[in-house]
Amino acid sequence: MNQKYRKRNTLAFTAVSYFALAAGLFLFCLGVYNADWELNVKGYYLLCMVLITISCIVVQKVVRDNTEDNELRLENPKHRMRNTAAFTGMSFAGLIIGYGMFFIGLYNAPFELNVKGYYIAVILLISYSAIGVQKVARDNAEDKEILAEEDARRDIHA
(Lines give C-alpha, C1' and ligand atoms only; values in the text may rest on other atoms or scores of the structure.)
Protein backbone atom coordinates (compact mmCIF):
# COMPACT_ATOMS: atom_id res chain seq x y z
CA MET A 1 0.00 0.00 0.00
CA ASN A 2 2.19 2.80 -1.29
CA GLN A 3 -0.32 5.64 -1.43
CA LYS A 4 0.85 9.13 -2.40
CA TYR A 5 -0.12 12.01 -0.09
CA ARG A 6 -2.63 14.40 -1.63
CA LYS A 7 -2.39 18.11 -0.87
CA ARG A 8 -5.47 19.60 0.82
CA ASN A 9 -5.69 22.81 -1.21
CA THR A 10 -5.38 23.30 -4.93
CA LEU A 11 -3.37 26.19 -6.31
CA ALA A 12 -6.62 27.76 -7.55
CA PHE A 13 -8.22 27.64 -4.09
CA THR A 14 -5.09 29.11 -2.52
CA ALA A 15 -4.97 31.93 -5.08
CA VAL A 16 -8.67 32.72 -4.74
CA SER A 17 -8.37 32.85 -0.95
CA TYR A 18 -5.53 35.37 -1.07
CA PHE A 19 -7.25 37.33 -3.84
CA ALA A 20 -10.51 37.59 -1.86
CA LEU A 21 -8.68 38.94 1.18
CA ALA A 22 -6.65 41.40 -0.88
CA ALA A 23 -9.78 42.54 -2.74
CA GLY A 24 -11.74 43.00 0.49
CA LEU A 25 -8.96 45.01 2.11
CA PHE A 26 -8.53 47.10 -1.03
CA LEU A 27 -12.25 47.80 -1.39
CA PHE A 28 -12.60 48.75 2.28
CA CYS A 29 -9.59 51.09 2.13
CA LEU A 30 -10.80 52.54 -1.17
CA GLY A 31 -14.20 53.28 0.35
CA VAL A 32 -12.67 54.92 3.40
CA TYR A 33 -10.21 56.92 1.27
CA ASN A 34 -12.94 58.27 -1.00
CA ALA A 35 -15.36 59.02 1.83
CA ASP A 36 -15.97 62.62 2.80
CA TRP A 37 -15.30 61.98 6.47
CA GLU A 38 -13.09 63.56 9.08
CA LEU A 39 -9.72 61.92 9.56
CA ASN A 40 -10.64 60.52 12.99
CA VAL A 41 -13.68 58.74 11.51
CA LYS A 42 -11.55 57.24 8.75
CA GLY A 43 -9.06 56.07 11.36
CA TYR A 44 -11.85 54.53 13.45
CA TYR A 45 -13.15 52.41 10.58
CA LEU A 46 -9.65 51.38 9.49
CA LEU A 47 -8.88 50.36 13.07
CA CYS A 48 -12.09 48.30 13.21
CA MET A 49 -11.13 46.60 9.94
CA VAL A 50 -7.65 45.73 11.21
CA LEU A 51 -8.98 44.43 14.54
CA ILE A 52 -11.61 42.27 12.85
CA THR A 53 -9.12 40.89 10.30
CA ILE A 54 -6.52 39.96 12.89
CA SER A 55 -9.15 38.59 15.28
CA CYS A 56 -10.62 36.35 12.57
CA ILE A 57 -7.19 34.89 11.88
CA VAL A 58 -6.47 34.33 15.58
CA VAL A 59 -9.89 32.79 16.28
CA GLN A 60 -9.50 30.38 13.36
CA LYS A 61 -6.06 29.35 14.63
CA VAL A 62 -7.28 28.91 18.21
CA VAL A 63 -10.33 26.87 17.20
CA ARG A 64 -8.26 24.59 14.97
CA ASP A 65 -5.51 24.18 17.60
CA ASN A 66 -8.05 23.35 20.29
CA THR A 67 -9.83 20.83 18.06
CA GLU A 68 -6.57 19.11 17.13
CA ASP A 69 -5.40 19.14 20.76
CA ASN A 70 -8.65 17.57 21.97
CA GLU A 71 -8.23 14.78 19.41
CA LEU A 72 -4.61 14.26 20.48
CA ARG A 73 -5.67 14.17 24.14
CA LEU A 74 -7.89 11.19 23.38
CA GLU A 75 -4.78 9.31 22.26
CA ASN A 76 -2.48 10.71 24.96
CA PRO A 77 -4.14 12.18 28.08
CA LYS A 78 -0.89 13.99 28.97
CA HIS A 79 -0.88 15.98 25.74
CA ARG A 80 -0.41 19.67 26.51
CA MET A 81 -2.92 22.11 25.04
CA ARG A 82 -1.37 24.84 22.86
CA ASN A 83 -3.84 27.54 23.97
CA THR A 84 -4.98 28.41 27.46
CA ALA A 85 -8.64 29.03 28.18
CA ALA A 86 -7.75 32.68 28.82
CA PHE A 87 -6.16 33.05 25.38
CA THR A 88 -9.10 31.33 23.72
CA GLY A 89 -11.50 33.66 25.53
CA MET A 90 -9.46 36.75 24.66
CA SER A 91 -9.37 35.81 20.99
CA PHE A 92 -13.16 35.55 20.89
CA ALA A 93 -13.49 38.74 22.94
CA GLY A 94 -11.29 40.58 20.43
CA LEU A 95 -13.52 39.47 17.59
CA ILE A 96 -16.71 40.43 19.43
CA ILE A 97 -15.26 43.82 20.38
CA GLY A 98 -14.15 44.45 16.79
CA TYR A 99 -17.57 43.62 15.36
CA GLY A 100 -19.26 45.53 18.18
CA MET A 101 -17.22 48.67 17.52
CA PHE A 102 -17.82 48.40 13.79
CA PHE A 103 -21.57 47.81 13.91
CA ILE A 104 -22.27 50.32 16.69
CA GLY A 105 -20.27 52.94 14.80
CA LEU A 106 -22.05 52.11 11.56
CA TYR A 107 -25.48 52.08 13.22
CA ASN A 108 -24.94 55.55 14.67
CA ALA A 109 -23.31 56.99 11.54
CA PRO A 110 -25.29 59.41 9.39
CA PHE A 111 -24.56 57.38 6.24
CA GLU A 112 -27.13 56.33 3.71
CA LEU A 113 -28.28 52.73 3.84
CA ASN A 114 -26.42 51.76 0.65
CA VAL A 115 -23.14 53.02 2.14
CA LYS A 116 -23.73 51.06 5.33
CA GLY A 117 -24.54 47.97 3.26
CA TYR A 118 -21.32 48.39 1.28
CA TYR A 119 -19.18 48.42 4.42
CA ILE A 120 -21.05 45.50 5.97
CA ALA A 121 -20.62 43.42 2.81
CA VAL A 122 -16.92 44.23 2.54
CA ILE A 123 -16.18 43.57 6.23
CA LEU A 124 -17.91 40.18 5.91
CA LEU A 125 -15.82 39.43 2.80
CA ILE A 126 -12.67 40.37 4.73
CA SER A 127 -13.71 38.24 7.72
CA TYR A 128 -14.47 35.14 5.69
CA SER A 129 -11.42 35.45 3.47
CA ALA A 130 -9.08 36.09 6.43
CA ILE A 131 -10.26 32.82 7.95
CA GLY A 132 -9.77 31.09 4.59
CA VAL A 133 -6.27 32.49 4.11
CA GLN A 134 -5.22 31.37 7.59
CA LYS A 135 -6.56 27.87 6.89
CA VAL A 136 -4.86 27.71 3.50
CA ALA A 137 -1.53 28.96 4.85
CA ARG A 138 -1.55 26.42 7.66
CA ASP A 139 -2.67 23.53 5.44
CA ASN A 140 -0.04 24.35 2.83
CA ALA A 141 2.74 24.54 5.45
CA GLU A 142 1.71 21.17 6.91
CA ASP A 143 1.40 19.64 3.43
CA LYS A 144 4.89 20.89 2.56
CA GLU A 145 6.33 19.18 5.67
CA ILE A 146 4.49 15.92 4.97
CA LEU A 147 5.59 15.87 1.33
CA ALA A 148 9.20 16.59 2.34
CA GLU A 149 9.12 13.68 4.81
CA GLU A 150 7.60 11.45 2.13
CA ASP A 151 10.34 12.43 -0.32
CA ALA A 152 13.02 11.79 2.28
CA ARG A 153 11.59 8.32 3.00
CA ARG A 154 11.41 7.56 -0.71
CA ASP A 155 15.06 8.62 -1.17
CA ILE A 156 16.18 6.40 1.72
CA HIS A 157 14.41 3.34 0.28
CA ALA A 158 15.57 4.00 -3.28
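Author: The radius of gyration is taken over C-alpha atoms, and the globule rule is 2.2 Å times the number of residues to the power 0.38. With that in hand, we can look at this predicted model.

Reader: Thanks! What radius of gyration does the protein chain have, and what would a compact globule of 158 residues have?

Author: The protein chain has 20 Å, whereas a compact globule of 158 residues would come out near 15 Å. The C-alpha trace spans about 70 × 35 × 20 Å along its principal axes.

Reader: What makes up the fold, in helices and strands?

Author: The protein chain holds four helices and zero strands, so the order from the N terminus reads α-α-α-α.

Reader: I see Ile52 in one of those helices. Why is Ile52 called buried?

Author: Buried means under 20% relative accessible area. Ile52 has 0%, so Ile52 is buried. This residue belongs to helix α2, which covers residues 39-75.

Reader: Which residues does Ile52 touch, leaving aside those up to four places away in sequence?

Author: The partners are Leu95, Gly98, Tyr99, Phe102, Ile123 and Ser127. Take Tyr99: 47 residues separate Tyr99 from Ile52 along the chain, yet their C-alpha atoms are 6.6 Å apart.

Reader: And in the protein chain, what share of the contacts between residues at least 6 apart in sequence join residues at least 24 apart?

Author: That share is 75%. As for burial, 34% of the 158 residues count as buried.

Reader: Now the cysteines, which matter to me at the bench. How many disulfides does a search of the whole structure find?

Author: The search finds zero disulfides. For Cys29, the nearest cysteine sulfur is that of Cys48, 13 Å away. A disulfide needs the two sulfur atoms within 2.5 Å, so Cys29 is in no disulfide.

Reader: What about Cys48: which cysteine sulfur is nearest, and how far away?

Author: The nearest one belongs to Cys56, at 13 Å, and Cys48 is in no disulfide either.

Reader: How do you know whether Cys29 and Cys48 are buried or exposed?

Author: Cys48 has 0% relative accessibility; the limit for buried is under 20%, so Cys48 counts as buried. Cys29 has 33%, which lies between 20% and 50%, so Cys29 is called partly exposed.

Reader: Last one: what does the surface look like, and how many charged side chains are there?

Author: The protein chain exposes about 10,700 Å², with 67% of it supplied by carbon and sulfur atoms. There are 17 positive and 16 negative side chains, and the centres of these two sets lie 3 Å apart.

Note on methods. Residues are numbered from 1 along each chain as its sequence is written. This is a predicted model: local features need pLDDT of at least 70, side-chain atom pairs count only at pLDDT 80 or more; totals for chains, interfaces and linings use all residues. Side-chain values use heavy atoms; hydrogens and water are left out. Helices (H or I, at least four residues) and strands (E, at least two) are DSSP runs, numbered from the N terminus. Buried means under 20% relative accessible area, exposed over 50%, partly exposed in between (1.4 Å probe, protein chains only). Contact means heavy atoms within 4.5 Å. Accessible areas come from the Shrake-Rupley method with a 1.4 Å probe; for residues, only the protein chains shown count as cover. Lys and Arg count as positive and Asp and Glu as negative; His and the chain ends are not counted. The place of a charge is taken as NZ of Lys, CZ of Arg, CG of Asp or CD of Glu.
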